[in-house]
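Hi,

Here is the structure I promised to pass on. Have a look at it first, and my notes follow below.

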Amino acid sequence: MAEKAYQICINPDCGETLSVDQVIFSCPTCGSLFDIAYDWDRLAVPSSLEFFEHRWSTKGLNVEGRLDFSGVWRFRELLQFVRPEHIVTIGEGRTLLEENNRVGAEVGMKPGCLYLQYEGLNPSGSFKDNGMTAAFSLARALGRNRVACASTGNTSASLAMFANKTDPPMQGIVFIGSGKIAYGKLSQALDYGALTLQIEGDFDACMRRVKQVSDKLGIYLMNSMNPFRLEGQKAIMYRVLEARGWEVPDWVIVPGGNLGNCSAFGKAFMELHRLGLIKRIPRLAVINATGANTLYRLHEKDGVRWNGGRYDQQKVKSLYAEFDSTGYLPHTIASAIEISRPVNLPKALRALEVMNGVVREVTDEDILEHKALIGRYGFGCEPASAASVAGLRQLLREQVISPDEQVVCILTGHELKDPDATVKYHTGIDMKAITPPPPVPPKGRFANTPRKVADDLETICAALGEKLPD
Ligand SMILES: *Cc1c(COP(=O)(O)O)cnc(C)c1O
Ligand SMILES: [Zn+2]
């Protein structure tokens, strides 16, 4: 392979490679996921992490400064898959690592040991912006002008914001199901002008359709399988290190949904270690909700391990078969992690191996208690994010983590994403139980109403203003 960056199938028995401009998200040979790989020997990489510090003083100065302003692209030497002129950035990743001793004391940590990484401070209010900037840059390099995803949550909010801000703008297309809609997040997609299609069906139906439609109409797909998103999310770990004067913490704790974030963290540390930029790798704790605990069950109960890429797929298949036969649906207040078949499962198993990780599950009650704790003594976060601190308390109780270790909890989304959960916690009022009055037709000049469409390919293409190609 001649290119300095390329895609490689993560299955070691396969090793299929693609160039970065091939838009294929599951391996045509074995069905596994792709990773972005670099020929580091042929790329200019700084010899120490301190190199990146000078970019704080050049941010915003010139073309390069536009990139220095970004909390993702100021580390661009560590994600060299796109030319600088194609990079789409909106000032993502300007987030904060806070030493929080009051939350720390509440859960049983010694002073100076607990750090909270507020990814809710991103432009669209969640860590997803770290990944979107990377995937949008690639979409622009490929000359794509329409992008799509299936999600009712932060992915669609982030996609809609980036689509709108790209110059020239791209058309953002968001597929939502007719089930639960998280209004805080949906409202963003509508406000940013994404074409929002409400499919008569559940999330799985949306996922299936968005893949088909993207394939048929040449729309660039931004769902969780897109490996370029994970490249951008590596930067969350670079910033954690930067904020700690490049000192590696003992633990990183993160909520797990589709498992893209923990996978990206594992890849970040694997690469930094290989490049000799860090001497040791922190441990990882991925926290599931008890109502959506697939990774917990597979890793902790069934003992599934990455095993050099030859993980026990039979155990995964039989768990999913059990889901099918029992009609299991995930259920948690933390809607951002309400996922039963995490797309990035194999990569997460790899991250757990690289980072000597553990997985835990926490109840919705725990999540809400810890969300309130973070709100009381910190800047707040959405429910899913609080799983990290709830998980920390549990790991302290089990003495897996000790109170004098350096721990970083990733707070993935902003407090205001889900005010209903907060109001309900503090007042007992369940906004979802209140029957709203019938809708009146929207009159605003910018009104962008979701379009209801049948779960049917031809109808969906028509809603996008196109005919279904033969
Ligand atoms: C997407 C999301 C998660 C889950 O991240 P994964 O990478 O899917 O595991 C957690 N919290 C918030 C707020 C999110 O938006
Ligand atoms: Zn393969």
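To start with the strands: in which sense do strand β6 and strand β7 pair, and over how many bridges? The pairing is parallel and runs over five bridges, with β6 spanning residues 146–150 and β7 residues 171–176. Before you read on, keep in mind that this is a predicted model.

**The sheet**

Those two strands belong to an open sheet of five, in the order β9-β6-β7-β8-β14, with parallel pairing. At the edges sit β9 (220–221) and β14 (451–453), each of which pairs on one side only. In general, strands of a sheet pair through backbone hydrogen bonds, either parallel or antiparallel.

If you want to check the register, R146 stands opposite Q171 in β7, and A150 has F175 as its bridge partner in that strand. Towards β9, β6 pairs in the parallel sense over two bridges, and there A148 stands opposite L221.

What about burial along β6? Five of its five residues are buried. In a regular strand the side chains alternate between the two faces of the sheet. For β6, one side holds R146, A148 and A150 and the other holds V147 and C149, and all of them are buried, so both faces are covered.

**The cores**

F175 turns up again here. Together with F81, F136 and M222, F175 has the most contacts inside the largest nonpolar core, which has 104 residues. Helix α8 (residues 227–243) gives this core its largest share, seven residues. Leaving aside residues up to four places away in sequence, F175 touches C149, A150, S151, L197, I199, C206, R209, V210, V213 and I460. There is also a second, separate core of 32 residues, which includes C113, A285, I337 and L373.

**The zinc site**

Which residues hold the zinc ion (ligand 2)? Its protein donors are the SG atoms of C9, C14, C27 and C30, lying 2.3 Å from the ion. Along the chain these donors follow the spacing C-x4-C-x12-C-x2-C. The angles among the four donor atoms of the zinc ion (ligand 2) are 96 to 116°, and the site is tetrahedral. For reference, the ideal angle at a metal with four tetrahedral donors is 109.5 degrees.

Are C27 and C30 buried or exposed? C27 has 4% relative accessibility, which is under the 20% cut-off, so C27 counts as buried. C30 has a relative accessible area of 35%, between the 20% and 50% limits, so C30 is partly exposed.

**The other cysteines**

How many disulfides does a search of the whole structure find? Zero. A disulfide is a covalent bond between the sulfur atoms of two cysteines. C113 is in none, and the nearest cysteine sulfur, that of C409, is 12 Å away. C113 counts as buried because its relative accessibility is 5%. C381 is in no disulfide either: its nearest cysteine sulfur also belongs to C409, at 9.9 Å. With 0% relative accessibility, C381 counts as buried too.

That's what I have for now. Shout if anything is unclear.

Cheers

Conventions:
Residues are numbered from 1 along each chain as its sequence is written. Chains are lettered from A and ligands numbered from 1 in the order in which they are written. This is a predicted model: local features need pLDDT of at least 70, side-chain atom pairs count only at pLDDT 80 or more; totals for chains, interfaces and linings use all residues. Side-chain values use heavy atoms; hydrogens and water are left out. A nonpolar core is a set of buried Ala, Val, Leu, Ile, Met, Phe, Trp, Tyr and Cys residues joined through side-chain atoms within 4.5 Å. Buried means under 20% relative accessible area, exposed over 50%, partly exposed in between (1.4 Å probe, protein chains only). Helices (H or I, at least four residues) and strands (E, at least two) are DSSP runs, numbered from the N terminus. Contact means heavy atoms within 4.5 Å. Donors are N, O and S atoms within 2.8 Å of the metal (3.2 Å for Na, K and Ca); water is not among the atoms, so sites may look incomplete. Four donors count as tetrahedral if all angles lie between 85 and 135 degrees; four count as square planar and six as octahedral if opposite donors are over 155 degrees apart and all others between 65 and 115; anything else is irregular. A disulfide is a pair of cysteine sulfur atoms within 2.5 Å. Two strands pair if DSSP finds at least two bridges between them.
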